[in-house]
Amino acid sequence: MIYTLTLNPSIDYVLRIERFDDGQTIRSKSEEKYPGGKGIMVSKLLKNLGAKSINIGFLGGFTGEFIKNKLENLGIDQEFTKISDDSRINVKLKYDTETEINAQGPQIKEEEIEEFLNYLDNLNEDDFVVISGSIPKSLGDDFYRVIVNLLEMNNVRFALDTSGKKLFNLSAYRPFLVKPNKDELGEIFEDSIDSDEKIIKYARKLIDQGAENVIVSLGKDGSIFVDNNMAYKAKPIEGKLINSVGSGDSMVAGYIYGYMRGLSKIDSYKLAIACGSATAFSPDIAEKNLIYQILEKVEVEECK
């Protein structure tokens, strides 16, 4: 079973406005509310492709009930650990650009943490966990290490989508997939990334550290896939950017979906590109038809 971990889920409250004027009363043109969190985004994409997954993490309060009900309506399974505090609300302002205001997240009690870790300890080598997104402040920055250490002891494969030095350090636990973007890669290695050669060089350092596969997203310039034996770059897909939220999560979901269904690494990478691009061109997580339409346009070439 695929489990998608969202430690800090949210209601994403999207407000569409004409423009943003600091210090002024601004009235929205429209509003939407979505269950948010990177793991949830992965599950939504997997569901659209026809794959089952289970959402896990922490969920509480009236906001948690909203998220739970929305996932049930979408037909997505969840086994979140219930907490007494409210899950967070993030505000997304969309106008001629995008501005996000993300909350810190709830206070999580020791007994709630213990219940979650006991659940995680029941997973085994037949399972796969996608770890992504922020950590509630109350858990501390090192909580992902606690999780991956537990998964490693139980031979559970996992993908890791986080940033900074955490990504490099946690790569020692041999994640199946990591997905930094170009800026995050530069932050990890304290260097400006100004060439594909540098991207491949630093991606291989993540592999030397323990990661099996690396996808580095380059925004409008495409992406690069690297493993221990090869490196491929995808050409950008042309289209109108509608929504950048969830594009990277869709790439992770697409790669895992493809690989777990027996596709080669390159074909899984192509599907990841199609999933990420389709979400960027959609108001929410991409639908299957658009993903496969875009897949026909995906071109990758080996980096020499």
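Start by selecting residues 7–282, the range that UniProt lists in an unreviewed entry as "domain: Carbohydrate kinase PfkB". What you have on screen is a predicted model. Across residues 7–282 the chain is 39% helix and 22% strand, and the C-alpha atoms at the two ends of this range are 25 Å apart.

**Stop 1: strand β10**

Now select residues 157–161, which form strand β10. Is this strand enclosed by the rest of the structure or open? Four of its five residues are buried, so strand β10 is largely enclosed by the rest of the structure.

Add residues 128–132 to the selection to bring in strand β9. β9 and β10 run parallel, and five bridges join them. To see one facing pair, show Ser132, which stands opposite Asp161 in β10. Next, follow the chain from β9 to β10: the path goes through helix α4, residues 143–153, and this β-α-β crossover is right-handed.

Another partner of β10 is strand β11, so select residues 177–178. Two bridges join β10 to β11, and again the strands run parallel. Here the pair to display is Ala159 with Leu177 of β11, which stand opposite each other. Trace the chain once more, this time from β10 through helix α5 (residues 164–170) to β11, and you will have followed a right-handed β-α-β crossover.

**Stop 2: Gly164 in helix α5**

While helix α5 is in view, pick out Gly164, which lies in this helix. Gly164 has a relative accessible area of 7%, so it is buried. Which residue could you show along with it? Try Ile188: Gly164 and Ile188 are 24 residues apart in sequence, while their C-alpha atoms are 5.2 Å apart in space.

**Stop 3: helices α3 and α4**

Go back to α4 and add helix α3, residues 110–120. At what angle do α3 and α4 pack? The angle is about 30°, and their axes are 10 Å apart. The two helices are therefore roughly parallel to each other. Turn the view to look at how they cross: α3 passes α4 in a right-handed crossing.

**Stop 4: helices α8 and α9**

For another helix pair, select residues 247–260 for α8 and residues 265–280 for α9. These helices pack at an angle of about 150°, with 7 Å between their axes. α8 and α9 are therefore roughly antiparallel to each other. The crossing of α8 past α9 is right-handed.

Stay with α9 and select Lys265, which lies in this helix. Is Lys265 buried or exposed? Its relative accessibility is 19%, so Lys265 counts as buried, the cut-off being under 20%. Show Asp227 as well: Lys265 and Asp227 are 38 residues apart in sequence and 9.2 Å apart in space, C-alpha to C-alpha.

**Stop 5: two loop residues**

The tour ends with backbone angles. Most residues other than glycine have a negative phi. With that in mind, select Asn155, in the loop between α4 and β10. The phi of Asn155 is near 60°, a positive value in a residue other than glycine. Asn155 has 51% relative accessibility, so it counts as exposed.

Finally, move to the loop between α6 (182–189) and α7 (196–209), where you will find Glu190. Glu190 is not a glycine, yet its phi is positive, at about 50°. With 67% relative accessibility, Glu190 counts as exposed.

Note on methods
Residues numbered from 1 in each chain as written. Predicted model: local features only at pLDDT ≥ 70, side-chain atom pairs only at ≥ 80, totals over all residues. Heavy atoms only, no water. Buried < 20%, exposed > 50% of the residue type's maximum accessible area, 1.4 Å probe, protein only. Pairing = 2+ DSSP bridges. Right-handed = clockwise from strand over helix to strand, strands pointing away. UniProt positions renumbered as here; feature names shortened; annotations may be inferred. Axes fitted to C-alpha atoms, helices over the stretch in contact; angles between N-to-C directions. Parallel < 35°, antiparallel > 145°, perpendicular 65-115°, else oblique. Left-handed = near helix turned anticlockwise from the far one by under 90°.
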